[in-house]
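Colleague: I would like to go through the strand pairing in this model, then one or two helices. Please keep the answers short.

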Amino acid sequence: MGSALRASLALLLFASALPADARVQIEHWMTQTGVRVYFVETHALPLVDVSVEFAAGGAHDPRERAGLGRLTLDLLRGGSARYSEADIDRRIADAGAQLRDSFDLDRAGFALRTLSSEAERRSAVDTLADILQAPRFPAEIFEREKARAIAGAAEAETQPDHVAEKRLYELMYPTHPYGVTATPATLATITREDVERHYRDHYGSGGAAVAIVGDLSIDAAKALAEQLTARLAQGAAVALPAPQPPAPGKIVRVGHPSTQSHVLLGEAALARDDPDFFPLVVGNYVLGGGGFVSRLMIEVRSKHGLAYSVYSYFYPYAQLGPFQVGLQTRRDQANEALKRVQDVIGEFVARGPTEAELKAAKKSLVGGFPLRIDTNRKLLEQLAVIGFYKLPLDWLETYPARVQAVTLDQVRVAFARRVAPEKLAVVIVGASD
């Protein structure tokens, strides 16, 4: 691959792919092995973006071997039936492509960006296909990556933000897989056979979804999807259980030498397919998702100077994902800041937003929505969510209208149904003595 072609790709990687008001036409089909495929054809740039994701995220780890899913994903790039680890890196680089992994509680997979020209695309896709369908998990690379994962987990346990989030998830999901976090001890128990078993159990066609965006025809997209999935084992995805209803909220204080207290609140609240999704998204913009205009920011920062930033968000998963609130403050102010946050949440759940706040939230969310799909990569991320969670094909097209249709009463009802202030778990790391 010539230097001029490399330079052209470097410029293209950051270029916009779609006009802000473009309508997204999504094509959908199933591969021969039963994998769901979602495709958007756009010829604005000579690029193809592809993601392949599996129901193999952290919540699928056995509790005693937490970290297995992340380690398995890391090891997929360690060598395949035809290519060594060095071969994989070289082939991706020589094609001028980029390969990124993605991992959360539900999902594990890769996103590939490649030029749409035949030679480069063929080489990059061929490499990814072998990574996904014929991994070898070499013993020496397993030992190296396991040691690296253990060291990373040990380092994370010294960081107050990690400690706070780990403890919060344990409180929100005391008996559910979403509450399990990798530790040096759980990683130490993992064997190479565990990795091979995890791959066999979770990297099959039943839990897979492919998203494709870019400069190729639908026939070429179908051939690409078949190449990436034809050799996958067939079988249904392993479903996650539903979390138990939240118990009365606990407050946990964790000693830490941090100069500031890290304060987190949360509870299990929202799944991807929940009918309350849009009222909660709109309402949360008012509560803590709208930056300087949100109620939490006005009360905690602007009025009382207790934190530089305070936020709230809903993170929907296949099962009930968290409603989470967070801030950092001086150690001697942690209790006051927590009380202010609890008061704002309680007031909002009881009364909801004002008409003016609702109007402003909808205007901002609708106005900013085109920026979420204005490049190939952003569009791929949205398409991957639609595919993995089996959302309607018109999800992107109808998103602004569904935001605009949210009413005051819908926000009040949704928050009353999904957020119980008295059941919010609280973690303070670096609390004052």
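Colleague: Which residue in S5 does Ser102 stand opposite?

Modeller: This is a predicted model, where local features need pLDDT of at least 70, side-chain atom pairs count only at pLDDT 80 or more, and totals for chains, interfaces and linings use all residues. Residues are numbered from 1 along each chain as its sequence is written, and side-chain values use heavy atoms, with hydrogens and water left out. Strands S4 (residues 98–103) and S5 (residues 108–115) run antiparallel, joined by six bridges; strands are DSSP runs of E, at least two residues, helices runs of H or I, at least four, both numbered from the N terminus. Opposite Ser102 stands Gly109.

Colleague: Which strands are at the edges of the open sheet?

Modeller: Two strands pair if DSSP finds at least two bridges between them. The sheet has six strands in mixed pairing, ordered S1-S2-S6-S3-S5-S4. Pairing on one side only marks the edge strands, S1 (27–30) and S4.

Colleague: In S6, what is the bridge partner of Val37?

Modeller: S2 (residues 36–41) and S6 (residues 208–214) pair in the parallel sense, over six bridges. The partner of Val37 in S6 is Val210.

Colleague: Which residues of H6 are buried?

Modeller: H6 covers residues 160–172. Buried means under 20% relative accessible area, with exposed over 50% and partly exposed in between (1.4 Å probe, protein chains only). Strands S7 (251–254), S8 (260–270), S10 (321–330) and S11 (425–429) are among what covers the buried residues, by contact (heavy atoms within 4.5 Å). Those residues are Pro160, Val163, Ala164, Lys166, Leu168, Tyr169 and Met172.

Methods. Expected span 1.5 Å × (residues − 1).
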